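Reader: I have a new model on my screen and would love to talk it through with you. Could we go over it together?

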2 protein chains.
Amino acid sequence: MRENDFLRWINERAGSHTRVPLGIGDDMAAVKISGGIALLKIDQCLDRVHFDLRRHTAQQAATKAVNRCLSDCAAMACRPAAILISLALPREGPGSGEASAQHIFLACQAAAAKFDCPLVGGDTALWDQRLAITVAALGAAASRYLTRGGAKPGDTLFVSGALGGSILGRHLTFTPRIELAEKILAKAGDGLHAMMDLSDGLAQDVPRMMAASGTGAEVHTGQLPIHPDAEKLSAQDGIPAGLHALADGEDYELLFALDPEAVPEIVNLSDVPLSAIGTVTAEKTLALIDDSGNRHPWPRAGWEHRTQP
Amino acid sequence: MRENDFLRWINERAGSHTRVPLGIGDDMAAVKISGGIALLKIDQCLDRVHFDLRRHTAQQAATKAVNRCLSDCAAMACRPAAILISLALPREGPGSGEASAQHIFLACQAAAAKFDCPLVGGDTALWDQRLAITVAALGAAASRYLTRGGAKPGDTLFVSGALGGSILGRHLTFTPRIELAEKILAKAGDGLHAMMDLSDGLAQDVPRMMAASGTGAEVHTGQLPIHPDAEKLSAQDGIPAGLHALADGEDYELLFALDPEAVPEIVNLSDVPLSAIGTVTAEKTLALIDDSGNRHPWPRAGWEHRTQP
């Protein structure tokens with residue numbers, strides 16, 4: 001079973017509810033409660049799937065688990081209001097013992113505290129299996145929240161930061177782009193049409209945004225911001241750095257669709273570079289355009305949670 | 001490490017936040033978001049800890065996982081507004097395979113739908129470890145939410161249903177007391193002072209409510225509603241049924257403290273029996289009173305998540 005197949009199967013059965021303006025399929029769900037909207041997310045990090053306690057510390061794992069969830073808050077351009085954590089703690093081996101549990105709790109608390117986000121609840125249980133850290137986040141939208149579904153033909157597609165090669169270490173140490181997303185929304189206002197975070201790589205995540213928006217996209221390979229880690233990985237494995245930038249997962253950068261008129265608003269907005277990588281199209285196809293203007297089919301590659309880092 | 005020790009350690013480090021009127025330590029946390037209060041809970045069910053796929057189906061496990069979380073909503077006398085689920089799915093063995101994942105999802109969705117609660121988000125990953133189902137719930141309070149901390153000296157302590165022996169099967173099939181809690185709150189109004197659900201057994205959960213309330217309690221052993229399953233278990237293991245009712249976990253019934261003046265309001269409220277089992281005291285001690293009026297020390301027993309069902 002592939003994760004995407006199961007997600008597709010779930011989406012078809014998700015149903016609708018008057019209380020739920022945004023359900024399964026976006027970075028967070030939106031639920032109406034008395035007088036407000038609660039944005040919600042759950043996300044897990046598993047030993048030897050999302051981290052590896054033979055090489056990484058429990059604190060690194062915990063920090064990643066929280067920051068992945070906070071990155072989804074960034075994707076909605078909302079502030080994290082609270083997190084909860086659930087720990088399945090191994091009785092023996094990596095991650096076992098009271099000190100380890102305490103380190104995990106403190107690392108989760110510290111990661112959230114960087115965004116003034118309190119850890120308000122948790123659940124712990126011991127078992128004779130590997131460490132699992134599950135994080136739920138509550139987000140509070142400022143004026144509005146951003147979805148994947150608002151991209152419009154003619155929009156410019158942007159990514160933050162630089163992409164590829166996160167497996168060399170950045171997948172554990174990234175900064176959730178909460179403040180950046182907030183700034184982009186504040187500056188671009190209604191010109192900001194759609195946003196998501198890049199968790200599975202551009203090659204998979206661009207199609208998701210376009211499918212949600214009912215649009216297509218042209219992405220210019222020459223404009224992809226390639227991370228030095230992608231170059232480093234390329235030197236090791238011979239796969240072009242540009243393909244790493246396109247297909248590697250766990251960048252946790254922002255992908256957003258902006259009205260061209262709003263583009264000047266976000267120039268020099270932040271120390272984090274913002275790169276225009278392509279254009280949203282009315283035709284529902286996806287294409288890569290090289291520097292000579294030649295069109296290439298969309299790569300099928302992309303990171304699914306089937307392999308271990 | 002015992003779960004209670006870790007929870008105590010966490011409580012000491014939880015800190016406070018202006019956004020959080022109720023943090024770690026109650027059945028749910030309360031968080032202020034624009035114009036409202038979000039009640040939040042996370043809870044996990046692990047194979048061979050909370051269920052056993054050698055004997056139970058994946059659907060049973062999923063139903064239990066959701067209902068445990070909904071039982072916490074009942075404990076706050078709130079309605080579940082939405083749930084999210086995170087599934088760590090085994091690659092092989094019990095609970096593996098696409099059909100199993102689909103059954104789990106549908107069972108979670110169905111369990112929540114019984115309370116008009118939509119499943120709004122999820123996360124799935126495959127690993128070569130056992131099944132873990134983590135559920136997060138968002139609750140919406142009607143007029144107010146109930147905590148463990150409001151019991152007052154002189155209050156009558158009540159439990160719903162009958163207690164003990166849930167291990168014989170009820171731990172998988174119980175009904176979260178959401179509607180009952182709502183009715184009690186509606187009828188008793190301000191006379192309802194404190195409420196929680198019985199997850200670890202009266203012997204552990206009464207002290208928790210009293211500690212949160214800064215009170216003590218006297219519980220009359222002769223007034224404990226003993227479930228037929230407790231009698232059945234007693235016949236098997238020779239432990240008195242009353243001790244099973246007191247110390248067994250996973251009853252998922254309500255424990256609540258009621259102003260004596262409000263007691264007449266809840267008579268014949270529901271098909272679920274409500275039993276007055278004791279009195280809240282100003283003196284911060286706990287005692288069992290037998291039918292002859294003799295005082296006995298509080299039993300240390302109670303179910304912690306160290307052992308398998």
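Author: Happily; what follows is a short set of questions and answers on this predicted model.

Reader: By what turn can chain A be laid on chain B?

Author: The superposition has an RMSD of 0.0 Å, with a shift of 0.0 Å along the axis. The two copies are thus related as by a two-fold rotation axis. The turn that brings chain A onto chain B is 180°.

Reader: Which residue of chain A has the C-alpha nearest that axis?

Author: We look along chain A for the C-alpha nearest the axis, and it lies 2.4 Å from it. That C-alpha belongs to A:Gly35.

Reader: How many residues does the contact take from each chain, and which class leads on the side of chain A?

Author: The contact takes 54 residues from chain A and 54 residues from chain B. Among the elements of chain A that give two or more residues are helix H1 (3-13), strand E3 (78-90) and helix H3 (98-113). By class, the side of chain A that touches chain B has nine charged residues, 15 polar ones and 30 nonpolar.

Reader: What percentage of the interface residues of chain A are also interface residues in chain B?

Author: The copies meet through the same surface, because the residues of chain A in the interface are also interface residues in chain B. The share is 100%.

Reader: How do helices H2 and H3 of chain A cross, and what is the handedness?

Author: The axes of H2(A) (residues 58-75) and H3(A) come within 8 Å and cross at roughly 35°. Residues making the contact include A:Ala62 and A:Val66 of H2(A), with A:Ile104 and A:Ala107 of H3(A). By class there are nine nonpolar, five polar and no charged residues. The crossing of H2(A) past H3(A) is right-handed.

Reader: Which strands are at the edges of the seven-stranded sheet in chain B?

Author: This open sheet has mixed pairing and the order E7-E9-E6-E10-E8-E11-E12. Neighbouring strands are turned by 30° against each other on average, direction ignored. An edge strand pairs on one side only, and in chain B these are strand E7 (192-197) and strand E12 (295-297).

Reader: Within that sheet, what is the bridge partner of B:His220 in E11(B)?

Author: Strand E8 (residues 216-220) of chain B runs parallel to strand E11 (residues 286-289) of chain B, and four bridges join them. The partner of B:His220 in E11(B) is B:Ile289.

Reader: And which strands does helix H2 of chain B lie across?

Author: H2(B) covers residues 58-75 and runs at about 170° to E7(B). The strands that H2(B) lies across are E7(B) and E9(B) (254-258).

Conventions
Residues are numbered from 1 along each chain as its sequence is written. Chains are lettered from A and ligands numbered from 1 in the order in which they are written. This is a predicted model: local features need pLDDT of at least 70, side-chain atom pairs count only at pLDDT 80 or more; totals for chains, interfaces and linings use all residues. Copies are superposed by least squares on the C-alpha atoms of residues with pLDDT of at least 70 in both. Two residues are in contact if their C-beta atoms, placed from the backbone, lie within 7 Å. Two strands pair if DSSP finds at least two bridges between them. Axes are lines fitted to C-alpha atoms, for helices over the stretch in contact, and angles run from 0 to 180 degrees between N-to-C directions. Ala, Val, Leu, Ile, Met, Phe, Trp, Tyr, Cys and Pro count as nonpolar, Asp, Glu, Lys and Arg as charged, and the others, Gly among them, as polar. A crossing is left-handed if the near helix is turned anticlockwise from the far one by less than a right angle, and right-handed if clockwise.
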